[in-house]
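Work through the exercises below with the sequence and the coordinates side by side, and try each task before reading its solution.

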Amino acid sequence: MFGTLVKKRDFYAGGLMTLIGAAVTLDSYNGYSLGTLTHMGPGMFPLMLGITLTLVGVLILGAAAATPLTDDENILPRKREWRGWGCILAGPVLFIILGEFFGLVPATFACVFVPALGDRTATVKGSAILAAGVTFFGVLLFSYVLKIPFPLFRLGH
Amino acid sequence: MFETALTDLWYGFGVALEPHNIMWCFIGVFVGNMVGVLPGMGPLATISILLPLTFGIKPVGAILMLAGVFYGSQYGGAICSILLNLPCHPPHAVTCLDGFPLTKQGRGGAALGITVISSFVGASWGITEMIFLSPILVVVALKFGPAEICSLMLLGLLAGSTLARGSPLKGVAMTICGLLIGIVGSDIETGTPRFTFGIPNLFDGVEIVALALGLFGIAEFMKSVNQLSEVDTKYTNVKFKDLRPTREELKRSVPAMFRGTIIGSLCALIPGTGPTIASFISYATEKKISKTPELFGTGMIEGVACPEASTHSSVQGDFIPTMSLGIPGDAVMALILGALMIQGIVPGPQLISEHPDIFWGLIASFWVGNIMLVVLNVPMIGLWVKLLTIPYKYLYPSAMFFVAIGVYSTNNDMFQVGEVVVIGVVGYLLLLLDFHPAPILLGFVLGPRFEENFRRAMLISRGDIWVFIKHPISGVFVGLSVLLIVMQVYVRLRSPKSLPTEMALPTDHHHKVTEAAE
């Protein structure tokens, strides 16, 4: 029984919600003043939500136990796109780092160039051209039309 | 009542026809139509991307534009479904069933022509409904006390999370997560920072732009990267003159159109049943009352006209509870409400009287926008069809830049770019676990108001939790919520697998693509 349960996707879905619910319940009970129903403190509403979420999580777990195992229970998709995922997430991370230290232009270029490489058919040249194009129009729009306070180039913080 | 509504509408046209508002409306519907056509981009991601750009413009223009993106994308989505068999937008998934066979028979152009007509008919009815229904709703809603508002929100949240796609339990779980994310930040009454993990940047709460872009931008890109195959452009050669339907096709579609419109407008009134459910129900109805139900799926023009009309009538009707009660029915409406709140406008029944320019201007702009869309779609069909061929590998990297700069520009704070990355990863994890993140946004937008009204109701009733049942109007809402839960449990127990709605709709467009390729 438990052996098949841990293979199910909903076991993890329900488990995650139960954990979050329990954590919120405990934290709002211990960390914040609850007050009374008439004068509710900051902890009361989250406590109620936490308890409800825990219950819903347990219900999802229960539903998982009650339904038969299907063949599609893998959580990760069949084809793992580690490169794609990594490149997409690296985009905004590079935007933060390059933006803080070198300015908008390098940040924008990296934020388009690296995610573009995440596609399996992408070439360095094609991605660079795309990144250059987006940088040009992006800088035009945000720096000159919308005037956001972000230097185009800078060195150091 | 009738006359005031018409006078107000006249005033609304005055607002909507101001040159800069026409411009924003045009930009909105144009961008909307464009992303509707582009496979892999949806109105949710687009509205989230455009949201930070609207901070600098006046509230009326901002709302006209964002709303335009939403209904504009519905026009574009139909092109994608009919010509490519790609249900990029859930409401148009059923249109594929008969639209694509028509394309194969060489009548794709006519199907598109019928779609434009049905869309306009459906939208016009939805707008009319909004004009006359909203003021009535407002008169009722202004009498609501905190207890009533609270139960109404409860009903809206429950309907929004259980009637949408996927498992209702998971929908409820997502809504609660959204409510919890809404709590992050300083408590309104005592100022205590809650769930901020000691990070000062979180004292103001989670930024709605970061939340929306993480969930509907980054998480979606991670899901779709390398998954969308090259589109088959064999059938996409459609020209202006192909759009004209034959007399017989028109004769068959007109009654279907009106049936679809009625179904859509009824669905719009129930919170949570947005355009997707409306289009499915109308397709099923059309099939049931047809004399030749076995021919559906082989290219029946009714199977295109009816769901399209109902989608559009429900899309416009969706704005009714959002604008008149301040309670959004789905994630798109939650975003539009969020945009209003960023502009410093308090949503709720007082909106129409306090900001008539926004409300009536929006309604009038629906008409202006829909006429623009007809004009955009009919002679320029060739342009949209060409857009279909833009590969996803150029789209999502460009969108990544808008995600990063958009989040940054909301507060000129790099911390929020980090926030969007974290939310994106969490959102993708939730997608992998079969959660649909849309209700998170619903909970997030309503959360703070829900808590405030709940506390106020408790204060007034001196801690009596039964006040929600004792007040008759509030009791009705609570009763409806209970009924909703009981109904869901009943349906699940009878057919434990899944609701017919989900089976008929391809949940994931990738499957559909592979099927089509085989």
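The exercises that follow concern a predicted model, and each is solved step by step.

**Exercise 1. Helix length and packing**

Determine whether the end-to-end distance of helix α6 of chain A agrees with its residue count, and then establish which of its residues are buried and what they pack against.

Solution. Helix α6 of chain A covers residues 124-145, which makes 22 residues. The expected span is 1.5 Å times one less than the number of residues, so a span of 32 Å should result for this helix. The end C-alpha atoms of α6(A) are 30 Å apart, which agrees with that expectation. Turning to burial, the criterion is 20 or more other C-beta atoms within 10 Å, and in α6(A) the residues S127(A), A131(A), V134(A), T135(A), G138(A) and F142(A) are buried. These buried residues pack against α5 (104-116) of chain A together with α18 of chain B. After the helix comes K147(A), whose phi is positive, near 55°.

**Exercise 2. The contact between the chains**

Describe the side of chain B that touches chain A, by its elements and by the classes of its residues.

Solution. Begin with the contact itself, in which 50 residues of chain B meet 55 residues of chain A. On the side of chain B that touches chain A, the elements giving two or more residues are α8 (168-183), α9 (208-224), α18, α19 and α20 of chain B. Of these, α18(B) provides the largest share, with 11 residues. Sorted by class, this side of chain B has 33 nonpolar, nine polar and eight charged residues.

**Exercise 3. Positive phi in two loops**

Locate N412(B) and D434(B) in chain B, and decide for each how exposed it is.

Solution. N412(B) lies in the loop between α18 (392-411) and α19 (415-432) of chain B, and its phi, near 50°, is positive although the residue is not glycine. Because N412(B) has 10 C-beta neighbours inside 10 Å, it counts as exposed, the limit for that class being 12 or fewer. D434(B) is found in the loop between α19 and α20 (438-460) of chain B, and here too phi is positive in a residue other than glycine, near 70°. With 16 other C-beta atoms within 10 Å, D434(B) is partly exposed.

**Exercise 4. The domains of chain A**

How is chain A divided into domains, and how far apart do the C-alpha centres of domain 1 and domain 2 of chain A lie?

Solution. Chain A is divided into domain 1 (2-66) and domain 2 (82-145). The C-alpha centres of these two domains of chain A lie 39 Å apart.

Note on methods. Residues are numbered from 1 along each chain as its sequence is written. Chains are lettered from A and ligands numbered from 1 in the order in which they are written. This is a predicted model: local features need pLDDT of at least 70, side-chain atom pairs count only at pLDDT 80 or more; totals for chains, interfaces and linings use all residues. Helices (H or I, at least four residues) and strands (E, at least two) are DSSP runs, numbered from the N terminus. Domain bounds come from an automatic or database domain assignment. Two residues are in contact if their C-beta atoms, placed from the backbone, lie within 7 Å. Ala, Val, Leu, Ile, Met, Phe, Trp, Tyr, Cys and Pro count as nonpolar, Asp, Glu, Lys and Arg as charged, and the others, Gly among them, as polar.
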